[in-house]
Amino acid sequence: MKKFLIAVVVSLIVACASNAQAYFLYLSDFEGRPYYAQVEVLNNSTDEITFNIKLEDTIGDIRGFFFNYDGLLSDDFNIVGDDITSWSAAGNINDMGGGVNMNGTGELFDVGIVFGTAGIGGDDIWSTSFTIYNTTNLDIESMMGLRITSAGEDREGSGKLITAH
């Protein structure tokens with residue numbers, strides 16, 4: 001009986017894990033500076049997607065994230081994460097204000113998210129996660145952008161990282 005219960009529990013864990021689909025995208029500075037980040041996109045369920053963002057071999061403060069999607073947003077679409085200051089899903093976004101922008105990259109995005117506060121005095125975000133809810137049949141496209149400030153060894157730089165076309 002004990003072996004049977006263990007087998008059932010393992011089967012349930014495997015079945016639940018197989019429902020979630022994850023993929024990774026890598027971003028680099030569009031002007032060739034040595035700034036890099038990894039984004040894990042995890043489809044938790046039919047109406048929930050989690051993003052895990054982390055800088056790789058890069059010192060910097062994550063200030064903004066931008067992405068595109070294919071599909072329609074529900075009326076109760078929401079984005080939740082501990083580091084989020086504000087967000088917009090108004091479309092055609094490349095500037096969320098306060099220096100959180102992708103100006104110069106030539107890209108416009110469907111969604112823009114602001115993290116933390118300007119400067120590294122109040123926070124210094126090297127990795128963050130958030131979840132978008134009510135995303136039925138929403139496909140996240142591969143074009144993403146990440147705005148970092150206080151970048152580099154001297155913390156004097158900034159970067160705009162994008163996925164390769």
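Student: Which residue forms a salt bridge with Asp124?
Tutor: Keep in mind that this is a predicted model: local features need pLDDT of at least 70, side-chain atom pairs count only at pLDDT 80 or more, and totals for chains, interfaces and linings use all residues. Residues are numbered from 1 along each chain as its sequence is written, and side-chain values use heavy atoms, leaving out hydrogens and water. A salt bridge here is a side-chain nitrogen of Lys or Arg within 4 Å of a carboxyl oxygen of Asp or Glu. With its closest N and O atoms 2.7 Å apart, the partner of Asp124 is Arg155.

Student: How many residues apart are they, and in which parts of the chain?
Tutor: Strands here are DSSP runs (E, at least two residues), numbered from the N terminus. Asp124 is in the loop between β7 (111–115) and β8 (127–133), while Arg155 is in the loop between β9 (139–151) and β10 (157–163). The pair links distant parts of the chain, and the two are 31 residues apart.

Student: Is Asp124 buried or exposed, or in between?
Tutor: Buried means under 20% relative accessible area, exposed over 50%, and partly exposed in between (1.4 Å probe, protein chains only). The relative accessible area of Asp124 is 34%, so Asp124 is partly exposed.

Student: Which residues are linked in a network of salt bridges?
Tutor: Arg33 meets Asp29 at 3.2 Å, N to O. Arg33 also forms a salt bridge with Glu31, with the closest N and O atoms 3.0 Å apart. Put together, the network holds Asp29, Glu31 and Arg33.

Student: Of Asp29 and Arg33, which one is buried?
Tutor: Arg33 has 30% relative accessibility, so Arg33 counts as partly exposed. At a relative accessible area of 5%, the buried one is Asp29.

Student: What is the bridge partner of Asp29 in β10?
Tutor: Two strands pair if DSSP finds at least two bridges between them. Three bridges join β1 (21–29) to β10, and those strands run antiparallel. Across in β10, the partner of Asp29 is Leu161.

Student: In the hairpin of β1 and β2, which residue takes a positive phi?
Tutor: β1 and β2 (36–45) run antiparallel, joined by eight bridges, and Ser28 stands opposite Tyr36 in β2. There are six residues between the strands, and the one with a positive phi near 90 degrees is Gly32.

Student: Which strand gives the most to the largest nonpolar core?
Tutor: A nonpolar core is a set of buried Ala, Val, Leu, Ile, Met, Phe, Trp, Tyr and Cys residues joined through side-chain atoms within 4.5 Å. The largest one has 30 residues, and Phe51 and Phe130 touch the most other members. At least two residues come from each of β1, β2, β3 (48–55), β4 (61–70), β7, β8 and β9. With five residues, the top supplier is β9.

Student: And what does Asn92 touch, not counting residues up to four places away in sequence?
Tutor: Asn92 sits in the loop between β6 (84–88) and β7, and its relative accessible area of 63% makes Asn92 exposed. Its C-alpha atom is 5.7 Å from that of Asp110, 18 residues apart along the chain. Contact means heavy atoms within 4.5 Å. The residues Asn92 touches are Leu108 and Phe109.

Key. Helices (H or I, at least four residues) and strands (E, at least two) are DSSP runs, numbered from the N terminus.
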